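Please open the structure in a viewer and keep the selection panel at hand. The tour below proceeds from one selection to the next.

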Amino acid sequence: MAYAHAPVMLQEVMEILRPEARRTYLDGTLGGGGHSEKILELSGPDGRVLGLDWDDEAVAAARRRLERFGDRLVVRRASFRDAREVLRQLGWERVHGVLLDLGLSSHHVESADRGFSFQAEAKLDMRMDRRQAPDASEIVNTLPVRELARILREYGEEPRARRIAFAIETERRRGRIASTKELADLVARVAGKKRGHIHPATRTFQALRIAVNRELENLQGFLDDGYELLHPGGRMVIISFHSLEDRLVKQAFRKWSRSCICPPKTPICRCGWSQKVRLLTSTPRTPSDLELQQNPRARSAKLRAAERI
């Protein structure tokens with residue numbers, strides 16, 4: 001199956017990153033390679049990109065798509081959380097631009113065997129990196145009800161989290177819940193009929209995907225000191241698709257942009273902190289109406305950007 005994914009907010013990302021020759025860039029979520037391809041085109045003839053992705057299919061697809069750029073593209077199978085270590089191994093240390101697109105690719109949604117979608121019968125998997133454990137099946141079939149309900153409530157913002165978690169526990173006493181369809185049907189029975197355009201299992205599947213891939217933990221780990229990856233004047237763009245992700249990015253960027261992080265009303269600054277970046281987006285940018293017409297899956301995208309000082 002070809003790796004199909006349209007890069008989100010491509011024009012906006014390039015306007016902010018402003019790729020140039022003789023510069024280096026980090027694409028921490030390489031995916032199908034659409035953003036990296038544009039960066040390489042605009043930074044010719046010798047700009048370079050390090051592309052990271054923990055999905056073996058994404059890595060293979062990007063290498064094929066971007067083969068014509070030769071050694072200007074370096075690809076590693078790794079999470080963006082490990083970007084610092086990979087950059088150190090390459091001897092790059094810092095880059096002039098960083099991009100994270102945190103969205104789920106169309107390829108994952110449409111690949112039935114990956115278990116991300118409730119639209120097709122497949123094994124409950126949902127792992128971006130299939131070397132890691134646990135998968136979604138392990139979580140659904142082994143976690144205590146309280147922990148399952150927490151995941152559904154916090155990551156999926158599912159108002160019926162406890163009811164769904166108890167229904168899962170009841171069902172797994174009869175036998176293991178093994179497939180996407182089994183889980184989707186169970187959630188639909190508990191949650192009721194489809195409302196509007198949203199399937200009743202949407203929030204449950206989103207929550208499980210976030211838990212399986214530790215998406216929020218990885219993002220927070222990157223944001224702890226991600227500004228250190230940038231040269232002075234270098235720019236970072238992060239596109240999120242979930243309110244929890246956007247909140248983490250907003251809080252990190254605001255912290256980085258402050259000159260002091262002492263508690264309010266502290267008479268004398270003792271934190272030793274200094275401003276790391278200036279904000280390029282006071283509020284998140286969103287896709288244009290034209291892009292939404294062409295790619296409705298971009299509707300939840302929120303772009304925030306900052307520049308290292």
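A residue counts as exposed when its relative accessible area is over 50% and as buried when that area is under 20%, with partly exposed in between. The model is predicted.

**Stop 1: two residues with positive phi**

Select R22, in the loop that connects helix 1 (10–17) to strand 1. Its relative accessible area is 68%, so R22 is exposed. R22 is not a glycine, yet its phi is positive, at about 65 degrees.

Move next to E157, which lies in the loop between helix 7 and helix 8 (161–174). E157 is likewise a residue other than glycine with a positive phi, here near 50 degrees. With a relative accessible area of 39%, E157 is partly exposed.

**Stop 2: the sheet**

Display the strands. In what order do the seven strands of the open sheet stand? The order is 3-2-1-4-5-7-6, and the pairing is mixed. Strand 3 (73–77) and strand 6 (277–279) occupy the edges; each has a single partner strand, so one side of each has no neighbour in the sheet. From one strand to the next, the twist averages 15 degrees.

Select strand 4 and strand 5 together: they run parallel and are joined by six bridges. L99 has V237 in strand 5 as its bridge partner.

Now add helix 4 (residues 83–90), which packs on the sheet. Helix 4 touches strand 1 (24–27), strand 2 (48–53), strand 3 and strand 4, and its direction makes about 140 degrees with that of strand 2.

**Stop 3: helix 11 and the nonpolar cores**

Select helix 11 (residues 215–223). Is this helix mostly covered or mostly uncovered? Helix 11 is mostly covered, with seven of its nine residues buried. The buried residues are E215, L216, N218, L219, G221, F222 and L223. Their cover includes strand 4 (95–101) and strand 5 (230–240), together with helix 7 (145–156), helix 10 (202–212) and helix 12 (243–257).

Two of these buried residues, F222 and L223, deserve a closer view. The largest nonpolar core has 67 residues, and those touching the most other members are L183, F222, L223, I238 and W256. Centre the view on F222 and show its contacts. Beyond its neighbours within four places in sequence, F222 is in contact with F80, R81, V98, L100, L229, M236 and I238. Another core, of 24 residues, lies apart from the largest one; V8, M9, I239 and L303 are among its members. In soluble globular proteins, nonpolar side chains tend to be buried together.

**Stop 4: a helix pair**

Hide the sheet and keep helix 7 and helix 10. Their axes come within 8 Å and cross at roughly 100 degrees. Angles of 65 to 115 degrees count as roughly perpendicular, so helix 7 is roughly perpendicular to helix 10. On the helix 7 side, the contact is made by I151, L152, Y155 and G156. Helix 10 contributes R203, T204, Q206, A207, I210 and A211.

**Stop 5: R297**

Select R297, in the loop between helix 13 (289–294) and strand 7 (302–308). R297 has 43% relative accessibility and therefore counts as partly exposed. Leaving out residues up to four places away in sequence, R297 touches S106, V109, E110 and F241. Add V8 to the selection: R297 and V8 are 289 residues apart in sequence, whereas their C-alpha atoms are 8.9 Å apart in space.

**Stop 6: the cysteines**

How many disulfides are there? The count comes to zero. C260 is in no disulfide, and the cysteine sulfur nearest to that of C260, in C269, is 3.6 Å away. C260 counts as partly exposed because its relative accessibility is 25%.

Why does C269 form no bond with the closest cysteine sulfur? That sulfur, in C271, is 3.6 Å from the sulfur of C269, which is too far for a bond; the cut-off for a disulfide is 2.5 Å. C269 is partly exposed, at a relative accessible area of 44%.

**Stop 7: two cis peptide bonds**

Finish with the backbone. The peptide bond from G44 to P45 is cis, with omega near 5 degrees. P45 sits in the loop between helix 2 (34–42) and strand 2. A cis peptide bond also joins A133 and P134, where omega is about 5 degrees. P134 is placed in the loop between helix 5 (106–110) and helix 6 (136–142).

Notes:
Residues are numbered from 1 along each chain as its sequence is written. This is a predicted model: local features need pLDDT of at least 70, side-chain atom pairs count only at pLDDT 80 or more; totals for chains, interfaces and linings use all residues. Side-chain values use heavy atoms; hydrogens and water are left out. Buried means under 20% relative accessible area, exposed over 50%, partly exposed in between (1.4 Å probe, protein chains only). Helices (H or I, at least four residues) and strands (E, at least two) are DSSP runs, numbered from the N terminus. Contact means heavy atoms within 4.5 Å. Two strands pair if DSSP finds at least two bridges between them. Axes are lines fitted to C-alpha atoms, for helices over the stretch in contact, and angles run from 0 to 180 degrees between N-to-C directions. A nonpolar core is a set of buried Ala, Val, Leu, Ile, Met, Phe, Trp, Tyr and Cys residues joined through side-chain atoms within 4.5 Å. Angles under 35 degrees count as roughly parallel, over 145 as roughly antiparallel, 65 to 115 as roughly perpendicular and the rest as oblique.
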